[in-house]
Amino acid sequence: MENKSLLNYFSTQVHLYLDNRLNADSEENLLKACDQDNECNKLFQQEKTFRDFVKNNVKRPCVSTDVLKHIKDKCC
Amino acid sequence: MPHIDALKTFAFHLSYNESYADDLVQETYMKAYRFIDKYDAGTNAKAWLFKILKNAYINDYRKKSKRPTQVDYEEIVTYHNSESAAGPAYMDLRQELFDNMMGDEVTIAINSLPIDFRTVILLCDIEGFTYEEISKIVDVPIGTVRSRLFRARNMLKEKLKSYAQKRGYHDYRGKKKGGQKEEE
């Protein structure tokens with residue numbers, strides 16, 4: 001997969017696949033391309049790794065008990 | 001309390017301030033409680049709460065700043081001018097890059113993105129909202145959600161790549177055989 005525009009097209013397809021935006025036919029074509037082309041497969045895995053890394057490493061601070069109590073006092 | 005942790009994460013990354021994020025979460029539940037009659041039963045409650053929080057943050061932001069900073073404005077204008085551009089440029093990242101990171105840099109990198117781009121990343125990649133839900137939460141067309149996401153992810157990759165390079169990781173692809181990482 002040396003053509004840059006093909007690479008960009010494939011990159012777009014990977015993004016859309018991981019966002020659940022591809023129809024069944026496009027999904028099948030993408031997965032077939034991954035099976036047949038190492039570069040495609042590598043790109044797919046890199047994008048997936050990137051998404052997982054971001055999702056798993058983002059800071060998720062907890063709500064303080066004071067805030068929880070305040071909300072419950074006002075709303076419940 | 002439904003979705004409170006997710007709301008806190010969203011609020012924290014919008015404001016990058018824990019105490020203010022708590023205030024935003026509290027304000028969100030107060031507003032939801034006050035305007036519960038506006039909520040259509042059976043529709044997505046999480047998306048509704050996120051929209052309330054996003055609006056509360058934007059309203060506060062507008063009150064506090066008379067105008068957006070020059071850098072953000074330029075970024076958004078440039079972005080909107082190229083909104084209809086077909087797809088993302090391919091942005092490569094080596095898997096090894098992630099091995100050198102602790103996690104804090106993800107938070108720092110996300111928080112350094114312009115607000116419009118940060119918002120879609122948080123809603124899609126962190127909270128798992130669909131394009132349709134994001135479109136309703138941020139009041140932009142689905143095509144705009146899609147292009148913002150592509151752009152935001154590439155910006156995030158650039159930032160993480162720069163961070164890795166500062167930490168001693170170098171990408172030698174295309175320059176030299178091997179392309180192994182090198183510690184400084």
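This passage describes a predicted model of a complex, beginning with its confidence and then turning to chain A, the contact between chains A and B, and the interior of chain B.

For the complex as a whole, the predictor reports an ipTM of 0.88 together with a pTM of 0.78. Within chain B, the pLDDT averages 80, and 70% of the residues reach a score of at least 70. Two stretches of chain B call for caution. Residues 74-87 of chain B have a pLDDT under 50 throughout, and for this stretch the model has 11 contacts beyond four places in sequence. A pLDDT below 50 is also found over residues 176-184 of chain B, where the model shows 10 contacts beyond near neighbours in sequence.

The secondary structure of chain A consists of four helices and zero strands, so that the order along the sequence reads α-α-α-α. The C-alpha trace of chain A extends over about 60 × 25 × 20 Å along its principal axes, and its radius of gyration is 20 Å, whereas a compact globule of 76 residues would be expected to have a value near 11 Å. Of the 76 residues of chain A, 22% are classed as buried. One residue examined individually is F53(A), which belongs to helix α3 (residues 38-57) of chain A. F53(A) has 19 other C-beta atoms within 10 Å and is therefore partly exposed, since the class of buried residues begins at 20. Although F53(A) and L7(A) belong to one chain, they are 46 residues apart along it, and 23 Å separates their C-alpha atoms.

The contact between the two chains draws 29 residues from chain A and 33 residues from chain B. On the side of chain B that touches chain A, the elements giving two or more residues are α1 (4-15), α2 (18-34), α6 (104-111), α7 (115-126) and α9 (142-166) of chain B. The largest share of this side comes from α2(B), which gives eight residues. By class, the side of chain B that touches chain A is made up of 20 nonpolar, six polar and seven charged residues.

Within chain B, helix α8 (residues 131-138) has Y131(B), E133(B), I134(B), I137(B) and V138(B) as buried residues. Because the buried residues of α8(B) fall within an arc of 160° when seen down the helix axis, they line one face of the helix. These buried residues of α8(B) pack against α3 (45-64), α7 and α9 of chain B. Just after α8(B), D139(B) adopts a positive phi of about 60°.

One of the buried residues of α8(B), I134(B), touches V120(B), L123(B), C124(B), F129(B) and V145(B) when residues up to four places away in sequence are left out. In soluble globular proteins, nonpolar side chains tend to be buried together. The largest nonpolar core in the model has 45 residues, of which A11(B), L53(B), V120(B), I121(B), I134(B) and L156(B) touch the most other members. The largest share of this core, eight residues, is supplied by α9(B). Apart from this core lies another, of five residues, which include F10(A), C40(A), L43(A) and F44(A).

Conventions. Residues are numbered from 1 along each chain as its sequence is written. Chains are lettered from A and ligands numbered from 1 in the order in which they are written. Two residues are in contact if their C-beta atoms, placed from the backbone, lie within 7 Å. Ala, Val, Leu, Ile, Met, Phe, Trp, Tyr, Cys and Pro count as nonpolar, Asp, Glu, Lys and Arg as charged, and the others, Gly among them, as polar. A residue is buried if 20 or more other C-beta atoms lie within 10 Å of its own, exposed if 12 or fewer, and partly exposed in between; C-beta atoms are placed from the backbone. pLDDT is the predictor's confidence in each residue, from 0 to 100. The arc is that of the directions from the helix axis to the C-beta atoms. A nonpolar core is a set of buried Ala, Val, Leu, Ile, Met, Phe, Trp, Tyr and Cys residues joined through C-beta atoms within 7 Å. The radius of gyration is taken over C-alpha atoms; the globule rule is 2.2 Å times the number of residues to the power 0.38.
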